[in-house]
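Colleague: Before we go through this entry together, could you take my questions one at a time and show the reasoning behind each reply?

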Amino acid sequence: MKLFRLLRSNSWLLFLTALLAIVPLLFPSLAFVNIVSEMLIMAIFAVSLNLLIGYTGLVSFGHSAFFAIGSYTVGIMLQKFSSSLPLALPLSLFCGMVLSGIIALVIGFFCTRLTAIYFAFLTLAFSQIIYTVIIKWEKLTGGDQGLVGGIPKPAVQLLGLSIKMTSPFNLYFLIVVLAIVSFFILKILTDSPFGWTLRSIRDNSERMNFLGINVRKYQMIIFVISGLFTGLAGGLMALHLSGAYPDHAHWTKSAEPIFMIMVGGIRVFAGPILGAIIVTQLSAYVSKYIGVWGLIFGGFLIVYLMISREGILDVLTSKRRRLRKAKF
Amino acid sequence: MDIGSLLHCFADPGCITVQLVNALIIAMILFLVASGLTLILGVLGVLNFAHGSLYMMGAYFTYTVMKYIGNFGLALIIAPIGVGILGVILERFFIRRVYGLDELYQLLLTYAFILVFDDIVKLIWGIFDLSVTMPPAFRRPPISILGSIVPFYYLFIILVGALLVIGIWFFLSKTKFGKIINAAASDPEMLMCVGINVPLVYTSVFALGSLLAGLGAGLAAPLRSMVPGMGFAVVIESFVVVVIGGMGNILGTFGVALLFGLMRSFGILGFPFFEMGFIYLLMVVVLILRPSGLFGKLRI
């Protein structure tokens, strides 16, 4: 009954699932599957980062670290143990998540001691350390080149069925399922009392402290959760690209989801998802047909920051709220 | 780790000289870029990610002046001024609007300019590596110091760099304008009350910071090739220096730039795996223990 109510209040997620599942069945196009996979992966990344930026008010500028840990863990595990372990693929994704979570616990422990811009600086410094380690630890990570030679994708045994993961369509459905499940879990989390506590910490952490809330504990918990799901996004990216690259840890990768959050909407759960859709689509078409992606996207961002500073869904929902108020 | 080769180097005065000269070159150029960044951060409170792109523009301006006029001295004047003008445009029309806003918007705005500048460079100068040939005045036989050979241009950079360090410090701490900048960093409202045009001070600080980045790029041009996208590496290095040295602290920035140069040139012998890692580790430790920087902040 409770689940039913949750599903009804999040009907847009069901709609999204249906759309993502049906379209490739009707029109099996490889290009569509590729771009939607990337879109969903970046959407998971952006949504989990927005737990910190939008909900808790902590601007992490080093989330590429967790993304890279996820992607390298999956890549390395599958390259080394894909034949010796049963369920190697789900296991490697799980390990990528857990490892990202553990590193997030360590990094979060230090970062949550700082506030505002220092928090951003420290997360950036940590992510640069991870980046250096990835570049320099050539034996394990392949250094500059990244994990080359492709990542084997062993079949997943499920209910007696053997699902071949080498097929891009099956991989696509795996990504869809994991993305929707992640969105659903995180949506429930942000609607829970825990989620509302985070919002209050964002708005006035001092007052929350007075009320007896251990602010740092909450910040650390959400930092770890965010790290877990960013690790999942990274792991899926490794599967999608069939490789893990130092790019994933570079600080510019931390900026991408922030763009998506800002464009889509920072105060609405689905904002980062919409942002991921817009940015990846624009990027694909502009770089394909015009070629000056940076100039156009950068220019767009500048104009947007000069004019409104609110994401698309922020504007829409605040208008709706205002209309509702006007009726009373 | 390769401590052996590091110890080996310490036993040889020639090797020490070469590495020291390298360290000083890295430090001088880094200082010029980072001092601009730290001024902007300390006075305006904006972390300017586009600072690396301003450096890049400086390098390309130098290239163009060298190509059409061919006078390196002139290039060292025109390129920094060009970058300074670019800085004025940036500040007056864009960055001014995000003062005092959430740092997220400042990060995004300046980051967006990196993308824009990179593509502008690609459109005008192309995507391939470009380099400036050594100006004829410096094509002299290298100088021999303690049995090691040091190119003439290296000594020139060290000399000019040292003069600039002293000059910047003198300008900021002894002149009237420097004192106004100091005051703007600590209390802009009070400064406004005593009748000083604070927005103008802000614009000129931004212009000065950009000019310094352009100057660093001009000096580095004969040594380092340029590519679109080079700003990313430059800004992150100078950013590390600024954070460790203390935001707005010019002498601290110089000290850390020196440390950075030494770590790079000697560290690459002893710890070829992790010489950069140590610098980021130092940044982490400083941020955790003394967020205001190793040498404190806002004391120019």
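**Contacts, helices and the two chains**

Modeller: Leaving aside neighbours within four places in sequence, Tyr99(B) is in contact with Leu44(B), Gly45(B) and Val46(B). Please keep in mind throughout that this is a predicted model.

Colleague: Where does Tyr99(B) lie in chain B?

Modeller: The residue belongs to neither of the two helices that flank it, H4 (72–93) and H5 of chain B. Tyr99(B) lies in the loop between H4 and H5.

Colleague: Is Tyr99(B) buried, partly exposed or exposed?

Modeller: The class follows from the count of neighbours, where burial needs 20 or more other C-beta atoms within 10 Å and exposure needs 12 or fewer. Tyr99(B) has 14 other C-beta atoms within 10 Å, and therefore the residue is partly exposed.

Colleague: How far apart are the C-alpha atoms of Tyr99(B) and Leu74(B)?

Modeller: Along the chain, Tyr99(B) and Leu74(B) are 25 residues apart. In space, their C-alpha atoms are separated by 35 Å.

Colleague: For Arg113(A) and Arg216(A), what is the separation of the C-alpha atoms?

Modeller: Arg113(A) lies in the loop between helix H5 (88–111) and helix H6 (116–136) of chain A, and it counts as partly exposed because it has 15 C-beta neighbours inside 10 Å. Although Arg113(A) and Arg216(A) are 103 residues apart along the chain, their C-alpha atoms are separated by 7.5 Å.

Colleague: What span should H11(A) have at 1.5 Å a residue, and what is the distance between its end C-alpha atoms?

Modeller: H11(A) has 27 residues, and the helix is mostly covered, with 20 of these 27 residues buried. Since the expected span is 1.5 Å times one less than the number of residues, H11(A) should span 39 Å, and the distance between its end C-alpha atoms agrees at 39 Å.

Colleague: Which residue just after H11(A) takes a positive phi?

Modeller: The residue lies in the loop between helix H11 (215–241) and helix H12 (251–264) of chain A, and its phi is near 55°, a positive value in a residue other than glycine. With 17 C-beta neighbours inside 10 Å, it counts as partly exposed. The residue that takes this positive phi just after H11(A) is Ser242(A).

Colleague: On which residue is the kink in H11(B) centred?

Modeller: Helix H11 (residues 250–270) of chain B has 21 residues that should span 30 Å at 1.5 Å a residue, and its end C-alpha atoms are 29 Å apart, which agrees. Within H11(B) there is nevertheless a kink of about 25°, and its centre is Arg264(B).

Colleague: How many residues of H9(B) are buried?

Modeller: Helix H9 (residues 198–220) of chain B reaches 33 Å from its first C-alpha to its last, close to the 33 Å expected at 1.5 Å a residue. The helix has 23 residues and is mostly covered, the number buried being 19.

Colleague: Which element gives the largest share of the side of chain B that touches chain A?

Modeller: The contact takes 32 residues from chain B and 35 residues from chain A. On the side of chain B, the elements that give two or more residues are helix H5 (103–125), helix H10 (231–245) and helix H12 (275–289). The largest share, 15 residues, comes from H5(B).

Colleague: How many residues on that side of chain B are nonpolar?

Modeller: The residues of the side of chain B that touches chain A include one polar and four charged. The nonpolar residues on that side number 27.

Colleague: Which helix gives the most to the largest nonpolar core?

Modeller: This core has 197 residues, and those with the most contacts inside it are Ala43(A), Ile44(A), Ile175(A), Leu30(B) and Val205(B). The helix that gives the most, with 20 residues, is H2 (residues 13–44) of chain B.

Colleague: What is the radius of gyration of chain B?

Modeller: The secondary structure of chain B comes to 12 helices and two strands. For its 300 residues the globule rule gives 19 Å, and chain B is as compact as a globular protein of that length because its radius of gyration is close to that, at 19 Å.

Technical notes
Residues numbered from 1 in each chain as written. Chains lettered and ligands numbered in written order. Predicted model: local features only at pLDDT ≥ 70, side-chain atom pairs only at ≥ 80, totals over all residues. Helix = DSSP H or I, 4+ residues; strand = E, 2+ residues; numbered from the N terminus. Bend = angle between axes of the 7 residues up to and from the residue. Contact = placed C-beta atoms within 7 Å. Nonpolar A, V, L, I, M, F, W, Y, C, P; charged D, E, K, R; others polar. Core = buried A, V, L, I, M, F, W, Y, C linked by C-beta atoms within 7 Å. Rg over C-alpha atoms; globule rule 2.2 N^0.38 Å.
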